Structures are given as structure tokens and as C-alpha cells.
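Please write a short report on this structure for a first-year student. Keep the sentences brisk and add one small table.

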Amino acid sequence: MEAFYRTHTYLVEHTNAPVRRLLMDEINWNDRLIGIKGTRGVGKTTFLLQYAKEHFAPNDRRCLYVNMNNFYFQGRGIADFAGEFCKNGGKVLLIDQVFKEPNWSKELRLCHDNNPELKIVFTGSSVMRLKEDNPELNGIVKSYNLRGFSFREFLNLTAGTRFHAYQLDEILRDHEHITRQILPEVSPNKYFPLYLHHGFYPFFLENRNFSENLLKTMNMMTEVDILLIKQIELKYLTKIKKLFYLLAVDGPKAPNVSQLANDIETSRATVMNYIKYLAEARLINVIYPLGQEFPKKPSKVMMHNPNLMYAIYPIRVEQQDIMETFFVNSMWKDHTVNQSSKDNYYIIDSGKKFRICDAAGNGKIRMNPDTVYARYNTEIGKDNQIPLWLFGFLY
């Protein structure tokens, strides 16, 4: 136990969260069992340690961070460890990568039931379905999603600004006023291309090649998150990776499921399941027509965020595809996104119609009052024409 305390103290003392994540204030920290899901590389470990730093001194033994990567837990369950922690006065246990522990959900239930004074905050993969696949946690776990940096967070970090987030209704109603507050402080178009290329994942701050690091992370998402959590045999890994690559190369469009099934030598049903797993791993976003969902065929499949597009197939990055991917990814946190009957339009929250377009090409587009035009290559908007970058302030 002493070794864990020493590691905790060292990690908390050396934690420096460059941006305070909005999720820190959205979580109800009074709950006793809190799950924080997120894809690899978005900063879940830093998030846990930042919570510890904000609420406890580094050497305060009431709080303890542990990582299930530690081989110690191969011979000892979480429940047993938590019981000893509580006997030593422990109150808050922070568990990183909980899915690495066999029978983790049953162990968490034991922790919860046997230690009424204990609060547990754990992290897991975005592939995990906490309540659907783990009925023993129903009614006791509160689940949250940690995402990569928004454009707002990236801007605050790189430009030294302190902008706050806006609700979608605020942006639609007051975007002209909002941009007049932002533009005197910073030129968003100076930073927007940088964000699209490498700003979503916090590890761009590390002194390593970002694209190589992201490719490694993408491989881990398929090799560990999908295969391990979904209990898929290793021999199918190459099919999943090939499918992901083919979807990336095709760009944002409706998948030809029959052709994909032929290309990776499997059934249409398996292709649809793999697409679902890739979406759960936050490698792709799947867009359906209004009123439809899995297992129906999606009307569009795109990469989860623009950073992935530059990393996996940089020689075929189309500006329009990048901008649509950014828009969908920004909306995805708190809003439902559907494909309109027209290819270039999206329906948000079953009602609002959006079109992503180049401000330089406005002469070719006939503006309709019932549509919101999210325009790139501009920093300002008017009426129902809103600068695309401003949707990066939704969180």
C-alpha cells in the first residue's frame, strides 16, 4: 500500500493540466460511483489527477490514485484493495483503466456495497457500455464522457485566452455579438487550421511526432479497446483495421456495405457490427437519416475528428470533408446529428437544418431562411450565416 501512496503523491505533485476541462464542473462529485469514459489520448488520467490536486493535498491519504495496469492487481481484486484502503482512512479511490481488472463491474459493486463511506471515480474506454452490459451497476453508477479538446480549449491553451463555452441556442441567436467579443482578442482563423490538424488530442503538447503518436493511439484503440472489451478473437483484427482504412479513404459518404464485406471477406452483418464498434471507439462518426439508427445502414460515415483524417490518409484530405467532420464532431457531445435528404445538409436535434459551406463560394449558394449556414474561410457572420469556427465553442 505504501508504494501506491508514494506513486500517488509523485503523480499529483507533477500533474499540470494545461486546460481545466469543462467536465470538471459538470460532474456531480457527491455521487459515490462515477465512471468517466473516453477514447485513448483525450486526457482521462490527467483528469483524475487534476481532481485529486484540486481537492486534496498530494500527501493526503484520504485520496488515492491507482492504475489497473499495475500487475499487483492480477493477484488481488479491487474490492479487497478498497477495503484495506478504507481501513487506513481512505475516502476517495481513483481507479484508472478499470477494464483491465477481470470482473471489474462485480468488484466495483462489492466496493460500493461494502464501503458506504467510500467514493470511487474510475476511467474506462469509450467502447464500454457501463449500464447496458453491466446490470450490477444499474442505479449506482453515474457515467460521463471526456472528449478531446474543443477549439475553444485549444485556443485558450495556445493563444493564452480565457473564453468560456456557449450553448448552441446562444450561438444561433447571438453569434454576431459573440464574435465581436472574441475577434479583438484573437484571430480564430490563425489557429483554426492548427486545431484541425493536431488540436483535438492533448498529447500534441508532448515533444513527439504527433501523427506517429496518433497512429499508435489508433492502433491501440483497435487492438485493445475493441478486441479486449468486445471479446473479439485476434485473428479478426486485420479485418477491422482494413475496414477502418477503407472507410477513411472513401471520405464522408454512405458506405457500400456489400463492397466492404467483399473487401474484408466477411458478411454484411459483421461489417455493420464492426462499424458500430469503430464508432464506439470514437474512430468514426456514423450519421443516420432522421428517425433511423443501428442496425439500419447509415447515410454517412466519417472520421470522428479531423486529426484522424490528416494522420491516416493525409494525401487525400479535402477541405469540405475536414470542415464537415469538425462540425459533426463539435455537435456530437450534446446534440443529435442526422443526415438530411439532401447530401450537403445536416439536421440537428431533429429540427434545425445546417449546411457547411465555403464563405468564398457564397455566390453559388442560394440562401434559404430555414437553414443555418456554417461558413468556413471567414471569421464573421450575419443573420443565418455563422462562422464555422464558432461551433468549436460548444464545450
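Start with a cysteine. Cys86 is partly exposed, because its relative accessibility is 22%, and the cut-off for buried is under 20%. The closest cysteine sulfur to that of Cys86 belongs to Cys111. The two sulfurs are 8.1 Å apart, which is too far for a bond. One point applies throughout: this is a predicted model.

Does the chain hold disulfides elsewhere, and how many? The count comes to zero. Cys63 is in no disulfide either, and its nearest cysteine sulfur, that of Cys86, is 12 Å away. Cys63 is buried, with a relative accessible area of 0%.

**The chain as a whole**

The chain has 14 helices and twelve strands. Its radius of gyration is 22 Å, close to the 21 Å that the globule rule gives for 395 residues. The chain is therefore as compact as a globular protein of that length. Its C-alpha atoms fill a box of roughly 70 × 55 × 40 Å along the principal axes. Of the 395 residues, 55% are buried. Now take the contacts between residues at least 6 apart in sequence: 67% of them join residues at least 24 apart.

**An open sheet**

Strands of a sheet pair through backbone hydrogen bonds, either parallel or antiparallel. Here, seven strands form an open sheet with mixed pairing. Their order is E7-E6-E8-E9-E10-E11-E12. Which strands stand at the edges? They are E7 (300–303) and E12 (385–387). Each has a single partner strand, so one side of each is left without a neighbour in the sheet. On average, neighbouring strands of this sheet are turned by 35 degrees against each other, direction ignored.

Look inside the sheet at E10 (residues 352–358) and E11 (residues 371–376). These two strands run parallel, and six bridges join them. One bridge pairs Ile356 with Ala374 in E11.

A helix also packs on this sheet: H14, residues 319–332. Helix H14 touches E6 (284–289), E7, E8 (337–339), E9 (345–348), E10 and E11. The direction of H14 makes about 145 degrees with that of E10.

**Two buried polar residues**

Next come two residues in helices. Thr217 sits in helix H9, which spans residues 210–229. Asn307 sits in helix H13, which spans residues 306–312.

Are these two residues buried or exposed? Thr217 is buried, because its relative accessible area is 10%. Asn307 also counts as buried, at 1% relative accessibility.

Each side chain has a polar atom close to a backbone atom of another residue. The table gives the partners and distances.

| Side chain | Backbone atom | Distance |
|---|---|---|
| Thr217 | oxygen of Asn213 | 2.9 Å |
| Asn307 | nitrogen of Phe200 | 2.8 Å |

What else do they touch? Leave aside residues up to four places away in sequence, and Thr217 touches Arg40 and Phe203. With its neighbours within four places left out, Asn307 is in contact with a run of residues: Tyr195, Leu196, His197, His198, Gly199, Phe200 and Tyr201. Asn307 is also in contact with Phe210 and Leu214. Phe200 thus appears both as a contact of Asn307 and as the residue whose backbone nitrogen lies 2.8 Å from its side chain.

Definitions and conventions:
Residues are numbered from 1 along each chain as its sequence is written. This is a predicted model: local features need pLDDT of at least 70, side-chain atom pairs count only at pLDDT 80 or more; totals for chains, interfaces and linings use all residues. Side-chain values use heavy atoms; hydrogens and water are left out. Helices (H or I, at least four residues) and strands (E, at least two) are DSSP runs, numbered from the N terminus. Buried means under 20% relative accessible area, exposed over 50%, partly exposed in between (1.4 Å probe, protein chains only). A polar contact is a pair of N or O atoms within 3.5 Å; within protein, one must be able to donate a hydrogen and the other to accept it, and residues adjacent in sequence count only if both atoms are side-chain atoms. Contact means heavy atoms within 4.5 Å. Two strands pair if DSSP finds at least two bridges between them. Axes are lines fitted to C-alpha atoms, for helices over the stretch in contact, and angles run from 0 to 180 degrees between N-to-C directions. A disulfide is a pair of cysteine sulfur atoms within 2.5 Å. The radius of gyration is taken over C-alpha atoms; the globule rule is 2.2 Å times the number of residues to the power 0.38.
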